[in-house]
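Q: Could you walk me through this structure, starting with the DNA? I'm new to this, so please explain the terms as you go.

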Protein chains: 2
Amino acid sequence: MKSVSIKDIAREAGVSTTTVSFVLNGKAEEKRISPDLKNKILKLAQSLNYKPNQLARGLRTGSTQTVALIVEDISNIFFANISKVIEDELDRFGYRLMYCSTENNDKKAVAIMEMLLQRQIDGFIITPTIGIRKILEQLAANQAAMVLIDRYFPDLPISYVAVDNYAGAFQSVAFMINQGYSNIGIVTIEYEQVQMERRYQGYEDALRAHDIPIKPNLIQKIPFGLAATDAVEAISNFVSREPAMNAIFFTTNYLGTYGIESLKLLRKNIPSDMAVISFDDSDLFRLNSPSITVVRQPFEEIGHNAVRIILDQLLGKSRELRQVILKPSLIVRESVKQPVPG
Amino acid sequence: MKSVSIKDIAREAGVSTTTVSFVLNGKAEEKRISPDLKNKILKLAQSLNYKPNQLARGLRTGSTQTVALIVEDISNIFFANISKVIEDELDRFGYRLMYCSTENNDKKAVAIMEMLLQRQIDGFIITPTIGIRKILEQLAANQAAMVLIDRYFPDLPISYVAVDNYAGAFQSVAFMINQGYSNIGIVTIEYEQVQMERRYQGYEDALRAHDIPIKPNLIQKIPFGLAATDAVEAISNFVSREPAMNAIFFTTNYLGTYGIESLKLLRKNIPSDMAVISFDDSDLFRLNSPSITVVRQPFEEIGHNAVRIILDQLLGKSRELRQVILKPSLIVRESVKQPVPG
DNA sequence: CTGAAAGCGCTTACAG
DNA sequence: CTGAAAGCGCTTACAG
């Protein structure tokens, strides 16, 4: 499948590749190329089904007009939603989006970054894993166009867009307390990253603010990447082990999903046996019977902000450090009700 | 951020770029380069943090070691599952996967194909939209490495991997009939593509095989891409309009999800008011109360087969036309029960 | 054992 | 108004 090049067009048209290149790049007027010649070249390109080779163009210009989006898992609805916003927006500025999932695996994340760097990607929108900190530092030192989303390194001079995880968690737990719950557990991820730490801290502080003691056995940490069945089992054990616990805060959507499965297996009724709030929204939470109260992250705003920041960098408008923290919102549904007294 | 090239390494090492290239490509032995020199170059590349420029390499060799996966919607769990299988498998053969979503939009699909063609992608795994038929024909004529998944053009000489949609639908509807239902409706997508046609045909034939007349008013077609709220409304109207209908077959996962929402809004009980089966599985179907009976597609097998076919083409092992049809399986859960007599 | 040179398909400063 | 030429960073056939 030998593709046609500007050389082919030039030969057919009887002109130089320079002229063809000018015309094809819309510089005919600027370069004062005659309209007749311009049209001839355009027609020829069309009829030969010419497709510019972006590798050659990228090699020559140093720009691929491509932005990479690196997330934890593109099939997670939270990231899928964000990526759609980002893709649509970038498209309007002539940038292509290339997405990659790290699965929160440092090795995979490093490999992805290497791969992207080799492909001369213009800009990066990244949900970082801890293991790529070094790479990000280097990129930052090299003035690469880059913005972090969802999670970030507070001490690194890299722009980010995130959500007030602390407030989202605090608000959720406070809501449960105000509804009369006091034996509130938390299921979170055993992974030392800001966003999860902040959610955990919101949980603790909400309890403390209401003079409720923190009980270590109401805290369940699940290792990241645990197989679904194992995670469900861990949560089931946790629930069975703590009969006094009557409410659980799940710090992310898949944990909430596992939780619903566990409670279903245990035949625990939501909310009469167990009140539930999860971070992140999903069809499952919305349509579950009863529907699940959630902390919704404003993914449209996250996407918009990330694109604005990366474009400012790419278009050379601004390289200033931006640290955007957006407010999540508690969507009250049916999974937290006044508990039966006694 | 000027990156280091083999020229830099060559200069530092006091050798030619040829030698550096040989070493970096693991041809030191073959080209009989002295071990000392080899190590020196390797060390140098390491310490200079050399990253090969894949654009240059791709331009020169004509191969980018990249396969594109074009699906309808990467956030649909069915496609997300397939893509993970494909990505992992290709990775083991040194190929990168680049994924794109068409959203079943012909214009977007064409734009994606153009973009990929310009980027010298080595192979294509495609869930085609109707509008890219022409492009696929051209690619096929040019011997491009390519395989279609999920849907295909039966009359085009292009390999594909799909599921026996007819059998899946037939089995579902026959199951409902055997459970005692006879007023079985169908909610499908108004879109003229094989896979949906086959599912619809399975529905019709199952009814016919059991001497149940086809009633046009039990057939609801939803335009593809209809906003969620509108689709839910359309299904609600459909359900309300046909009080005699006591079972519905949904031909794809998001329709099933809309259906559950509609039934919930209408306060219809599954299965006592309405039995439900949907094509494709999901957490929502599995965890819903009651859990939803589904036709599960063997996504692992789909992915494996697609990769095997594309690799055979890429590695030049085989270009033969392969038409793989896999069997889906009915997963019986709680959403179809014997209806109350009368 | 190693290197000079051509060339992949573009873009663009320079010249006329 | 248009073209010859250099060069982006690689790989590789050819030569010695």
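Q: Which residues come nearest to DNA strand D?
A: Of the 27 residues around DNA strand D, the nearest are Thr18(A), Thr19(A), Arg60(A), Ser21(B) and Arg60(B), where a residue is near a molecule or strand if one of its heavy atoms lies within 4 Å of it. Before we go on, please note that this is a predicted model, in which local features need pLDDT of at least 70 and side-chain atom pairs count only at pLDDT 80 or more, while totals for chains, interfaces and linings use all residues. Residues are numbered from 1 along each chain as its sequence is written, chains are lettered from A and ligands numbered from 1 in the order in which they are written, and side-chain values use heavy atoms, with hydrogens and water left out.

Q: OK, and which part of strand D is the protein next to, sugar and phosphate or bases?
A: Of the atoms of DNA strand D within 4 Å of the protein, 63% belong to sugar or phosphate, and the rest belong to bases.

Q: Which polar contacts are there with strand D?
A: A polar contact is a pair of N or O atoms within 3.5 Å; within protein, one must be able to donate a hydrogen and the other to accept it, and residues adjacent in sequence count only if both atoms are side-chain atoms. One of them places an N or O atom in the side chain of Ser21(B) 2.7 Å from a phosphate oxygen of DNA strand D. Another phosphate contact has a polar side-chain atom of Lys27(B) at 3.0 Å from a phosphate oxygen of the strand, whereas a polar backbone atom of Ala56(B) is 3.2 Å from a base nitrogen of DNA strand D.

Q: Which element gives the most to that surface?
A: That is α4(B), which gives four residues to the surface near DNA strand D. Helices (H or I, at least four residues) and strands (E, at least two) are DSSP runs, numbered from the N terminus.

Q: What about the classes of residue there?
A: The surface near DNA strand D has nine nonpolar, 10 polar and eight charged residues. Here Ala, Val, Leu, Ile, Met, Phe, Trp, Tyr, Cys and Pro count as nonpolar, Asp, Glu, Lys and Arg as charged, and the others, Gly among them, as polar.

Q: And strand C, which residues come nearest there?
A: Of the 28 residues around DNA strand C, Ser21(A), Arg60(A), Thr18(B), Thr19(B) and Arg60(B) come nearest. Sugar and phosphate make up 62% of the atoms of DNA strand C that come within 4 Å of the protein.

Q: Which atoms of strand C does Arg60(A) reach?
A: An N or O atom in the side chain of Arg60(A) is 2.4 Å from a base oxygen of DNA strand C. The side chain of Thr18(A) also has an N or O atom 3.3 Å from a base oxygen of this strand, while a polar backbone atom of Ser16(B) lies 2.9 Å from a phosphate oxygen. The element that gives the most to the surface near DNA strand C is α4(A), with four residues.

Q: Switching topic, how many aromatic pairs are there?
A: Rings of Phe, Tyr and Trp (its six-membered ring) pair if their centres lie within 6.5 Å, and planes under 30 degrees apart count as stacked, over 60 as edge-to-face and the rest as tilted. The count comes to 15 aromatic pairs over all chains. One of them, between Tyr166(A) and Phe170(A), is tilted, with 6.0 Å from centre to centre and 35 degrees between the planes. Both residues lie in helix α8 (residues 165–178) of chain A, four residues apart, about one turn of the helix.

Q: Why does Tyr166(A) count as partly exposed?
A: Tyr166(A) counts as partly exposed because its relative accessibility is 23%; buried means under 20% relative accessible area, exposed over 50%, and partly exposed in between (1.4 Å probe, protein chains only). Phe170(A) is also partly exposed, at 25%.

Q: Where is Gln313(A), and is it buried or exposed?
A: Gln313(A) lies in helix α13 (residues 299–314) of chain A, and Gln313(A) is buried, with a relative accessible area of 7%.

Q: Which peptide bonds are cis?
A: Among them is the bond joining Ile270(A) and Pro271(A), with omega about 0 degrees, and another runs from Ser289(B) to Pro290(B), with omega near -5 degrees.
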